[in-house]
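User: I'm new to reading protein structures. Could you pick out a single part and walk me through it slowly?

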Amino acid sequence: MAALVLGFPSRGLAGATATFASGRSPASAAGHIRHLIVIVQSHHSFDNYFALYEGIPALQSNLCLPTATAGASCIKPFTLASSQSKAGLNDSSAATLHAIDGGRMDGFVTAQSNTEVGTVAMGHYGVQEMGYYWSLARRFTLFDHFFAASPGGSFPNRLFSVAGQDASYANAGAAAGVDVPTIFDELQAEGISWKYYVQGLTAPEIAAPTGYQKTMVPLLAMPRVLGDPAMAARLTDVGQYFTDLESGKLPAVSYVASTSSSEQPPQDPSKGEAFVRTLINALTQSAEWSTSAVILTWDDAGGWYDHVAPPAIAGGGGRLGLRVPALLISPYSRAGTVVSNRMDTTSILRFIEQNWNLVPLTARDASSTSLAVGLDLARRPIPPRVSTAAPMQATAARGPAWLVYIFYLGAMVVAAGILTWTVRSERRRGGRRPDPKLEKGPSAQRVLELRK
Amino acid sequence: MAGVLPGRLFLIPGRLGVVSVPGSITSVERKLREVPAASDLRLVVEAEGPRQLLVFLSRIRESPSWQVAGVLGLAALVRMVDLGRFGYNGDEAVYAGQAASLAGNPLFVNQFPVFRAHPLLLPVLLSPLFKEGTPDLRGRVVMALFGVAMVVGCYLAGREIYNHRTGRLAALLMAVMPYDVTISRQVLLDGPAVAFTVFSLWLLARWVRKGGMLWLASSAALLGVAILSKETMVVMAGGAAAFMLVSRRVAHPLRSLVIFGGSIALVSAWGIAALVLTSHAATGGDYIAWQLTRSSNHALAFYLTTVTPAMGWLVVGCAAGALMQRRNRNWQGLLLGAWALAPIVFFQLYPLKGFSYLLPAAPPIALLAARFLRTFRWGGRLSEEGARIARSALSTAIAASLAIGVWATVFSSPAGAGMAGTGGLPGGREAGRWVAANLVPGTGLMTLGPSMANVIEFYSHYPAQGLSVSTDPLHRNPAYTPITNPDLAIRDGQFSYLVWDAYSAARSPSTSARMSKLLTRYHARAVYMGREGRMSVIVIYQVHP
C-alpha cells in the first residue's frame with residue numbers, strides 16, 4: 001500500500017483529497033491488475049468538467065478574464081446552459097501558450113478568434129451534463145493534477161500516451177506520419193497481449209485511415225505498424241472489445257479510441273459519456289472486473305479554461321499542457337478520493353511499464369508518477385455496479401410516509417367510531433325497536449315469513 | 001320466543017336447549033324446519049346409545065356456528081393452499097412494492113413510487129409486513145384473510161336479508177367460487193375493497209330492517225373505507241342510492257341519501273386530504289386523467305366470456321332466476337339487484353375492463369343464487385319433500401361444480417396467467433431472483449411490457465423498463481417512463497439485457513416483433529430460460545451494441 005505523504009488518509013468519501021507516494025512496488029500491483037484499459041477522450045479541461053464537482057475547491061469568486069476589446073467588461077467563469085452552442089475552440093500549441101500567459105492563466109478569452117468564442121471558453125458543465133463522470137469520481141479515484149503531456153493539441157498528446165514523446169511533432173498534422181517506438185512494441189516483444197480498439201474502424205480503413213483517425217489513433221499514423229501484419233491485426237473495431245470481454249480474451253493492455261463519440265466540441269459530452277458508460281458497464285459485468293483498471297482521460301484541454309498553471313517539464317523543454325480530467329476506475333481505486341499527485345499523460349506508460357516490468361520508453365515516462373498512486377491494494381475491492389443514463393422509472397414519489405399513515409388510519413378510526421356509536425346506541429334502545437319512520441312496508445310478521 | 005313445539009322438541013332462546021330423540025334424525029329435522037329461523041335460538045341435541053355419533057353429526061349439521069365455521073374453514077383452505085406456487089404478477093408487484101416503499105424498505109424506496117393510480121389503504125395495511133427483505137407470501141396470506149372476511153360478510157348479509165340458511169348457502173357459494181378464490185389469492189386492491197362493501201351491504205340491510213340512521217351511517221362509513229381501498233367502489237354508492245330512491249321501504253330517501261353520502265365523504269375524504277397534503281394531488285389528477293381517456297382494452301363481451309364462467313354459469317343463472325321470481329320483487333330483491341347491477345352496468349359501459357373489476361357483484365349474485373336455490377318450487381311438479389331434496393341436490397351439485405372449477409383454474413393449470421388479475425406469474429419470481437443473483441447491480445433490463453418490468457424490479461431490485469410503454473403521454477400510465485429510442489438506449493449501455501416473456505408476447509405480438517429485431521441487431525445471447533412445463537415462458541438475453 002502506498003505510504004501517505006501529504007494531506008490525510010483516504011476515507012472513501014467524496015471530497016477527500018490527498019497526495020500519495022509514487023514509489024510503490026510494481027509487483028504488488030501486477031498481482032492485482034492484470035488488465036489496463038486506456039480510454040482517451042478529446043478536448044476538455046479539468047475545470048470545464050469538474051469545476052463544480054463537490055470534491056474540488058471552488059474557483060475564486062473574483063476571477064474574471066480580460067477580453068481583446070478595449071473597454072469591454074471581463075469574462076467570469078459560468079455554467080454552460082444545455083442549449084448553449086459550444087463551438088470548437090482553438091487548442092493549438094500557440095493558443096494554449098497564449099492562454100497560459102507565462103503562468104498567469106489569463107489569456108483564455110483572448111486566445112480565441114473573437115470575444116464571443118472566447119467567452120464560451122470560460123464555461124463549465126454542471127451536474128446535468130456531468131452526472132455520469134461525477135458518479136465515477138464519487139466511486140473511484142479522481143486525479144485533479146493530471147496534465148496533458150503537451151500543450152500542443154490532440155495528436156501530440158495521444159502520441160505521448162503511447163510513445164512517451166511527441167516525436168518533435170509540430171503542426172504538420174498526423175497525416176505526415178511518424179515512426180517512434182511505442183509501448184506496443186515492448187508489449188509485443190515481451191509477448192504481452194494488447195489491442196487498440198477504435199470506434200467504427202473497418203478493415204479497409206486500417207489500410208488507408210482517414211486523417212481524423214490518424215489523429216485519434218497514433219498507430220494509424222505509423223506506416224511501420226500498418227505494414228506489420230502482427231501489429232496491424234491488433235487494431236480493431238471497438239465491437240471486438242465486447243466480444244473479448246465476453247469470451248474472457250481481454251488483453252493485458254487495451255487502448256480505446258472513440259471517433260464519433262470523442263466529446264470534441266461542438267459535440268455534446270453526453271454522447272461520449274454514453275460511449276464510455278457502455279465500455280465500463282461491459283467491464284463491470286464481466287469476469288475481468290476484479291483484475292482490471294480503467295484510466296479515463298482526455299487528450300488535451302481543447303481551449304477551455306483551467307485555472308492551474310501547468311508546471312515546467314523537468315530538465316527543460318517548456319511546460320506541460322493544461323490540466324485534463326482523469327479517473328482511475330478499478331476495484332482497488334481509492335473510492336471517492338481526489339488524488340492530487342502531479343501527473344501527466346505519460347503516467348499511463350509509467351504504470352504499464354511498472355506493472356508488466358517493461359523498460360521506460362523515454363525520460364518523460366521514466367520520471368513521471370505512475371497511476372498506481374490512485375490504487376489502494378489493501379482495501380476491500382469495490383463491487384461492480386452498472387450505471388445507467390437516466391432514472392429507469394419515474395422518480396419514486398414517497399412523500400412523507402407518516403402523513404399517509406395518519407390520514408388512512410384516521411379514516412379507519414372514524415369508520416370504527418361510527419360503528420361503535422351505532423352498536424352502543426342499538427344496545428341502549430334494546431336492539432329490536434324498528435324505526436317507525438321507516439316501517440311503512442311489510443309488518444314484522446311478514447318479515448318472519450320472508451325469512452323462511 | 002320460547003316455547004314447546006309438538007313432539008318433544010324444546011327451543012329456548014339464548015340458552016341451552018335439550019331435545020330427547022326417540023325417533024329418527026329425519027323426524028327431528030322435519031320438526032326443526034317448522035321453526036322460524038332465528039339467530040338467537042341455540043340448539044343442542046342429546047341422544048343415547050348407539051346413535052350418539054349420528055346425533056353428534058346432526059348437532060353439527062343443525063348448529064349455525066358449526067356450519068358457518070365449516071364454510072369459513074373451506075374458504076380459508078382453498079385460499080391458502082399452495083399460495084406461493086407462483087410469484088407475483090405485475091399488479092401484485094406494484095401494490096406490494098408500494099407497501100414496501102411506504103414502509104421505507106431500502107430495497108424498494110427508489111423503485112416503487114408510493115403515489116400511483118389508486119388510494120393507499122392496502123399499502124398502508126400491508127406495509128408493516130414489507131419493512132425489510134422481499135417477502136411475497138405474507139402479503140398473499142393477508143389477501144386470503146380478506147377473502148375469508150368476504151365470505152363472512154356474505155353470510156351476515158344473507159342472514160340479515162333472508163335467513164341463516166340462505167346466508168350459509170351464499171357463503172358456501174362464495175367460498176368456492178373460482179372468481180372470488182382467484183382474486184383472493186392475489187395482492188390486489190379488489191379483495192379488501194369488496195370485503196368492506198359486503199359488510200356495508202350487510203349494515204345497509206340492517207338499516208332497512210331495523211331502522212335507525214346510525215346503521216345507514218355505518219354502512220356508508222364502511223363503503224368509504226372500501227373507496228379508500230379502491231376508488232371504483234364509489235360505484236356501489238350509486239347502487240345504494242338507486243335502491244333508496246326506488247324502494248318503497250325507505251321513507252325519507254333524500255334525507256337518507258344525504259346521511260349516506262355525508263358519511264362516505266367523512267371517511268373517504270381522508271384519502272384525498274392525504275394526497276393534497278403530501279403534494280401529490282397532481283399525481284392523482286394525472287392518473288385520473290389517464291384512466292378516463294384510456295382506450296378500450298377488451299371487447300364488449302369480455303365480462304360475459306371471462307367473468308361469468310369464473311363465477312359459475314349456474315350461479316349467475318340462478319341469480320338471474322331469483323330476480324325474475326315474483327316472490328323476490330321486494331326490498332330484498334331490489335337491494336341485491338341494485339348492488340349487483342351497479343358495478344356490472346358501470347364497468348360494461350366503462351372502456352377500461354379488467355378481470356377483477358366485477359368482484360363487488362359476486363356477493364349479491366351469490367346471495368340471489370342462494371335465495372333461488374332455497375325457494376325454487378319446480379313449477380309445483382314435485383311434492384314438498386321432493387322439491388326440498390331436489391333443491392338440496394342442485395345446491396350441492398352447483399357447489400361441487402364450483403369447487404371443481406377452483407381446482408381447475410387455481411391449482412391444476414397456470415393457463416390464466418396470461419390475463420391480468422387471473423393469478424400469479426409462472427416463472428417471474430424465478431427470473432427476478434436469477435437477475436439479482438447473476439447480474440451486476442444497476443444493470444438495466446428491457447422487458448416487453450411494464451408488467452414484467454414490475455415483476456423483475458420487485459424480485460431483483462434492478463431497474464427495468466417496458467418496451468411497449470407508449471411515448472405518447474396520453475396513452476401511458478404516468479408511473480412508467482417510455483423507452484423513447486430503444487436502439488440508442490442499447491447502444492448507450494442503458495440496457496444490457498432484454499427480457500422476453502410469453503405472456504406479454506401473447507398480449508402484444510407487435511412489441512414482441514420489435515424486440516426480436518433488437519435481439520437480432522445486437523447479437524443477443526440467451527443467458528436464462530425460465531420454463532413452465534415444456535414451454536419457455538421467460539428468456540433473458542444479453543445484448544451488445
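Analyst: Let's zoom in on one serine, then hop over to a helix and a cavity. Keep in mind that this is a predicted model.

Start with S127(B). You'll find S127(B) in chain B, in the loop that links α5 (121-126) to α6 (137-161). Is this residue buried or exposed? Its relative accessibility is 0%, and buried means under 20%, so S127(B) counts as buried.

Who are its neighbours? Leaving aside residues up to four places away in sequence, S127(B) touches A99(B), L102(B) and A103(B), plus Y405(A) from chain A. With Y405(A) there's a polar contact, side chain to side chain, at 2.5 Å. You can also check a distance within chain B: Y95(B) sits 32 residues away along the chain, and its C-alpha atom is 10.0 Å from that of S127(B).

Now over to chain A and its helix α3, residues 93-100. Which residues are buried there? They are A95(A), T96(A), A99(A) and I100(A). Look down the axis of α3(A) and these buried residues fall within an arc of 140°, so they line one face of the helix. Right after α3(A) comes D101(A), with a positive phi near 55°.

T96(A) turns up again at a cavity. The structure has four cavities of 30 Å³ or more, and the second largest holds about 50 Å³ of space. Its lining is made of 14 residues, with T96(A), P151(A), D300(A), A301(A) and L322(A) nearest its centre. Sorted by type, that lining has four nonpolar, eight polar and two charged residues.

Technical notes: Residues numbered from 1 in each chain as written. Chains lettered and ligands numbered in written order. Predicted model: local features only at pLDDT ≥ 70, side-chain atom pairs only at ≥ 80, totals over all residues. Heavy atoms only, no water. Helix = DSSP H or I, 4+ residues; strand = E, 2+ residues; numbered from the N terminus. Buried < 20%, exposed > 50% of the residue type's maximum accessible area, 1.4 Å probe, protein only. Contact = heavy atoms within 4.5 Å. Polar contact = N/O pair within 3.5 Å; in protein donor to acceptor, adjacent residues only side chain to side chain. Arc of directions from axis to C-beta. 1 Å grid on protein atoms, 1.4 Å probe; cavity = no way out; pocket = protein on both sides within 12 Å on 5 of 7 lines; lining within 4 Å. Points joined across faces, edges and corners; volume = space filled by probe spheres on them. Nonpolar A, V, L, I, M, F, W, Y, C, P; charged D, E, K, R; others polar.
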